[in-house]
Amino acid sequence: MTKQGPLTAYGKLKKGWGWLGVIACLVPIIIMPYYSVIGGWVVKYFVTFLTGDGVAAAEDGYFGGFITADSEPIIYMLIFLFAVALIIFLGVNKGIENSSKIIMPILILLVVGIAVFSLTIKHTDDAGVTRTGMEGLKVYLVPDFDGLTIKGFFRVVLDAMGQLFFSLSVAMGIMVAYGSYVKDETNLGKSINQIEIFDTLVAVFAGAMIIPAVFTFMGTDGMDKGPSLMFVSLPKVFAAMGRVGNLIGCLFFAMVLFAALTSAVSVMEAVVASFMDKFHISRVKAGIIETAIALFGGIAVCLGYNKWYFEAKLPTGNNNQLLDIMDYISNNILMPVVAIGTCILIGWILKPKVITDEVVKGGYKFGRKGLYEIMIKFIAPLLLVILLLISAGVLKF
């Protein structure tokens, strides 16, 4: 529509709304440094399993010892960041599109393959309790409403909404940036359907890949969330598998690395596209600027686990350090603000017709036009306001 990156697109849509583009661009700028650090963690674990040292990764204190080291996390962060920057420098066609054609099929094959393997495993623990991957699949797919409270229900819903922000790249400028490259004759309705289907399928298979394996070897006690699940619980699972565990662990972290690379490329592209459109500079110059920002920010995040370590209490009630603070600001505050602002701009000021006309431009049908209008005007902004108020600590259940 505007053929602009997120920084300038909103102002071009409606005069006086450029501020929303600034926030939309600020989100990936904040995300890229700590995402590069996490990407570096994945590179470290991939190398560890690739070199046959997966058993060491399962030892208590391995993850904590790594992230609190002075230089090693920075080195791996640099490797990941420069790999992402190289793809960006090559451009949309030679870099992003060509790399995705290779990475995405491999990613899907690895996810499906490991998921199938997870369902076939069986383990008897020291207490004589035998658990299987199929039992883990039941834990994953069959809801357990025992002890569920209203507060717990809303927390699950809000966590799911937060996950959707990242999974669908909503409210972080990525869709705006990629949308600026879409040709006018593209069938947007078909593209939307493909995104919905593949995103959901990959998410289901990813869960089927992890949860049954963790349940089989560790029961429900091993199902921590966040970094502890991936970098602490899963290496222990792979170690418990015996010799094949090192191979499975290597394939798993290769899959995670591919996923992290594609996501990081999208995050960086949103910023680079914004800089190119706003300041009329080349892709290389814009890429160098964003790489430098991510580099210094990433180093700060790494040092936040040792030399610059501190804790701050967030409205969520938890004591967090720098990475978690950046994640909270970008995901829990700025992204809902961008999403709410977009709903107001499209739903009430410009009206949904400006979007629906774009979808049917090439003579294509928009079968969910009515549902889209209801969502963008009423349901989405209401839920987003609730999410923002809870995230900010204003609304509590």
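## Helices and where C250 sits

Helices here are DSSP runs (H or I) of at least four residues, numbered from the N terminus. With that in hand, C250 can be placed in helix α12. Please keep in mind as you read that this is a predicted model.

Is C250 buried or exposed? With a relative accessible area of 12%, C250 falls under the 20% cut-off, so C250 counts as buried. Setting aside neighbours within four places in sequence, C250 is in contact with F46, F49 and L50. A56 lies 194 residues away from C250 along the chain, and the C-alpha atoms of C250 and A56 are separated by 13 Å.

## Helix α1

Helix α1 covers residues 6-13, and its buried residues are P6, L7, T8, A9 and Y10. What covers these buried residues includes α2 (18-50), α9 (174-179), α12 (243-279) and α14. Helix α12, which also holds C250, is thus part of the cover over α1.

## Helix α16: span, kink and packing

Helix α16 runs over residues 369-391, a stretch of 23 residues. How far apart should its ends be? At 1.5 Å a residue the expected span is 33 Å, because the rise is multiplied by one less than the number of residues. The end C-alpha atoms are 31 Å apart, which agrees with that expectation. If you follow the helix by eye, look at M375, where a kink of about 50° is centred. After α16 comes G393, with a positive phi near 80°.

On the buried side of the account, α16 has I376, P381, L384, L387, L388, I390 and S391. Which helices do these buried residues pack against? They pack against α8 (150-167) and α14 (322-349).

## A nonpolar patch on the surface

The surface carries a nonpolar patch of about 770 Å², made by I344, W348, I349, L371, I374, M375, F378, I379 and L383. Helices α14 and α16 each supply at least two of the patch residues. The biggest contributor is α16, which gives six residues. M375, the centre of the kink in α16, is one of the patch residues.

I344 comes from helix α14. Its relative accessible area is 38%, so I344 is described as partly exposed. Helix α14 therefore takes part in two ways: the buried residues of α16 pack against α14, and α14 also supplies residues to the patch.

## Salt bridges

Side chains of opposite charge can pair when their charged atoms come close. In this model the count comes to nine salt bridges. One of them joins the side chains of R131 and D125, with an N to O distance of 3.3 Å. R131 is buried, at a relative accessible area of 12%.

Another salt bridge brings D184 and K361 together, at 3.7 Å from N to O. D184 lies in the loop between α9 and α10 (188-218), while K361 lies in the loop between α15 (353-359) and α16, so this pair ties together parts that are 177 residues apart in sequence. Both partners are partly exposed: D184 has a relative accessible area of 42%, and K361 has one of 44%. K361 also forms a salt bridge with E358, whose closest N and O atoms are 3.0 Å apart. Through shared partners, salt bridges join K3, D184, E358 and K361 into one network.

## Loop residues to look at

F310 is found in the loop between α13 (283-303) and β3 (312-313). Its relative accessible area of 35% makes F310 partly exposed. Not counting residues up to four places away in sequence, F310 touches G304, N320, Q321, L322 and I325. L322 is 12 residues from F310 along the chain, and the C-alpha atoms of F310 and L322 are separated by 7.5 Å.

Two further loop residues have positive phi values without being glycine. A171 has a phi near 65° and lies in the loop between α8 and α9. H280 has a phi of about 55° and lies in the loop between α12 and α13. Which side of the burial scale does each fall on, buried or exposed? A171 is buried, with a relative accessible area of 14%, whereas H280 is exposed, at 71%.

Notes
Residues are numbered from 1 along each chain as its sequence is written. This is a predicted model: local features need pLDDT of at least 70, side-chain atom pairs count only at pLDDT 80 or more; totals for chains, interfaces and linings use all residues. Side-chain values use heavy atoms; hydrogens and water are left out. The bend at a residue is the angle between axes fitted to the seven residues ending there and the seven starting there. Buried means under 20% relative accessible area, exposed over 50%, partly exposed in between (1.4 Å probe, protein chains only). Contact means heavy atoms within 4.5 Å. Patches are made of residues with over 30% relative accessible area and no salt bridge: like charges are joined within 9 Å, nonpolar side chains (Val, Leu, Ile, Met, Phe, Trp, Tyr) within 5 Å. Accessible areas come from the Shrake-Rupley method with a 1.4 Å probe; for residues, only the protein chains shown count as cover. A salt bridge is a side-chain nitrogen of Lys or Arg within 4 Å of a carboxyl oxygen of Asp or Glu.
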